[in-house]
Amino acid sequence: MSEPIRVVVTGAAGQIAYSLLYMIAKGDVFGPNQKLILHLLDIPPMMGVLEGVVMELADCALPLLAGVVPTADPAVGFKDVSAAFLVGAMPRKQGMERKDLLSANVKIFKVQGEALNNVAKKDVKVLVVGNPANTNALICSHYAPSIPKENFTAMTRLDQNRAQAQLAARLSVGIDRVRNVIIWGNHSSTQYPDAKNATVDGKSVVEAIANNDYLNAEFVETVQKRGAAVINARKMSSAMSAAKAASDHMRDWFAGTKDGEFVSMGVVSDGSYGTPKDIVFSFPVQIKDGKWTIKQGLAVDDFARGKLDATAAELLEEKEEAMAVCAAE
Ligand SMILES: NC(=O)C1=CN([C@@H]2O[C@H](COP(=O)(O)OP(=O)(O)OC[C@H]3O[C@@H](n4cnc5c(N)ncnc54)[C@H](O)[C@@H]3O)[C@@H](O)[C@H]2O)C=CC1
Ligand SMILES: O=C(O)CCC(=O)C(=O)O
């Protein structure tokens with residue numbers, strides 16, 4: 001059993017954290033031999049609620065959980081952490097787009113970027129879940145210049161999992177038989193869920209489904225609008241599935257992807273696939289030894305090109321607005 005690592009979850013009194021903390025503390029993310037000290041960061045009015053979460057974590061009697069640090073102080077929350085799940089932010093309500101949250105939430109990620117810069121380990125792996133996730137991750141990285149840009153990522157794994165589930169249902173196969181679905185771009189309704197490089201039992205999903213109208217329209221729209229569909233039904237945003245996706249994302253980042261497989265993550269663009277540099281764009285990535293690389297050489301047809309350009313344009317707009325909000329602080 002190795003020494004405990006410190007892991008922070010922000011928004012620790014909220015609904016995603018309520019599922020996520022259990023997954024992390026029982027070993028789903030860092031494995032069954034890695035002890036952890038969980039740092040739980042929320043805002044001062046939520047400290048009472050957080051006390052209840054701390055009690056419940058104790059009552060789970062989890063052998064890997066070596067300690068819990070509840071706090072409202074970012075300097076304590078981010079101190080010496082090796083992994084950071086940045087969940088805490090305002091969620092979208094019915095009728096809002098995720099970018100409507102930008103001016104309120106982006107300020108949180110400026111403060112947390114500065115705190116990570118000052119007190120976290122320099123090799124900390126950061127996953128931004130709070131919306132608008134891609135642009136929040138960019139801002140966080142911008143205010144943490146002493147930590148490599150590669151260490152800041154945004155979550156599009158929930159979209160990937162949704163896309164995989166849609167294809168598996170359409171093909172009437174188990175979810176584990178569908179691989180390599182890609183989410184390109186922003187975690188927003190402009191994202192492009194791409195089944196054209198996906199496989200079912202190693203064979204082309206396009207050939208297995210044999211219905212391009214479905215793959216270009218209904219499939220894409222269902223995944224793009226799934227978050228809103230859950231909000232309409234639950235009157236609250238996705239939480240259990242978001243926690244599972246955060247756990248999948250960080251597990252793969254630490255443990256690596258399997259040969260021949262890739263997963264989608266929002267990462268700082270290097271211009272791959274003709275995208276603008278220096279926005280956080282979701283790409284297919286392969287991961288080895290804790291480092292991701294963008295999978296190169298995949299086919300991007302004219303239809304896909306239009307979608308990639310549209311989601312990139314939205315991210316450029318968000319970046320401009322976010323930088324203006326932070327500069328005005
Ligand atoms: N990237 C993705 O795929 C997904 C992202 N989300 C986003 O995740 C975020 C959290 O969602 P929920 O847990 O459902 O919301 P929630 O409202 O249940 O919990 C959010 C928590 O964050 C806390 N918080 C607010 N400001 C904070 C700060 N400065 N520092 C620390 N904590 C702070 C709040 O007090 C609250 O406890 C939302 O922005 C939501 O839109 C949700 C689902 C999927
Ligand atoms: O849709 C939202 O704004 C909140 C949750 C979310 O990002 C999602 O379900 O994809």
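Let's start with ligand 1. In this predicted model, 28 residues surround ligand 1. The closest are Gly11, Gly14, Ile16, Gly88 and Ala242.

What is the make-up of that shell around ligand 1, by nonpolar, polar and charged residues? The count is 16 nonpolar, 10 polar and two charged.

Now, which domains supply the shell? Domain 1 covers 5-154, and domain 2 covers 156-316. Each gives at least three residues to the shell around ligand 1. Keep both domains on screen when you look at the ligand.

Next, the protein as a whole. There are 11 helices and 14 strands. The C-alpha trace spans about 55 × 45 × 40 Å along its principal axes.

Does that chain fold as a globule, and what do we compare it with? A compact globule of 329 residues would have a radius of gyration near 20 Å. The protein has 19 Å, so the two agree.

How much of the protein is buried? Of the 329 residues, 46% are. And contacts? Take those with a separation of 6 or more: 73% of them join residues 24 or more positions apart.

Last stop, a hairpin. Strand β13 is residues 280-288, and strand β14 is residues 291-294. The two run antiparallel, joined by four bridges. Find Gln286 first; opposite Gln286, in β14, stands Thr293. Then look at the turn. Two residues lie between the strands of this hairpin. Asp289 takes a positive phi there, near 50 degrees.

To recap: the shell around ligand 1 draws on domain 1 and domain 2, and the hairpin is made of β13 and β14. Thanks, everyone.

Terms used: Residues numbered from 1 in each chain as written. Chains lettered and ligands numbered in written order. Predicted model: local features only at pLDDT ≥ 70, side-chain atom pairs only at ≥ 80, totals over all residues. Rg over C-alpha atoms; globule rule 2.2 N^0.38 Å. Buried ≥ 20, exposed ≤ 12 C-beta atoms within 10 Å, placed from the backbone. Contact = placed C-beta atoms within 7 Å. Near = placed C-beta within 6 Å. Nonpolar A, V, L, I, M, F, W, Y, C, P; charged D, E, K, R; others polar. Domains from an automatic or database assignment. Pairing = 2+ DSSP bridges.
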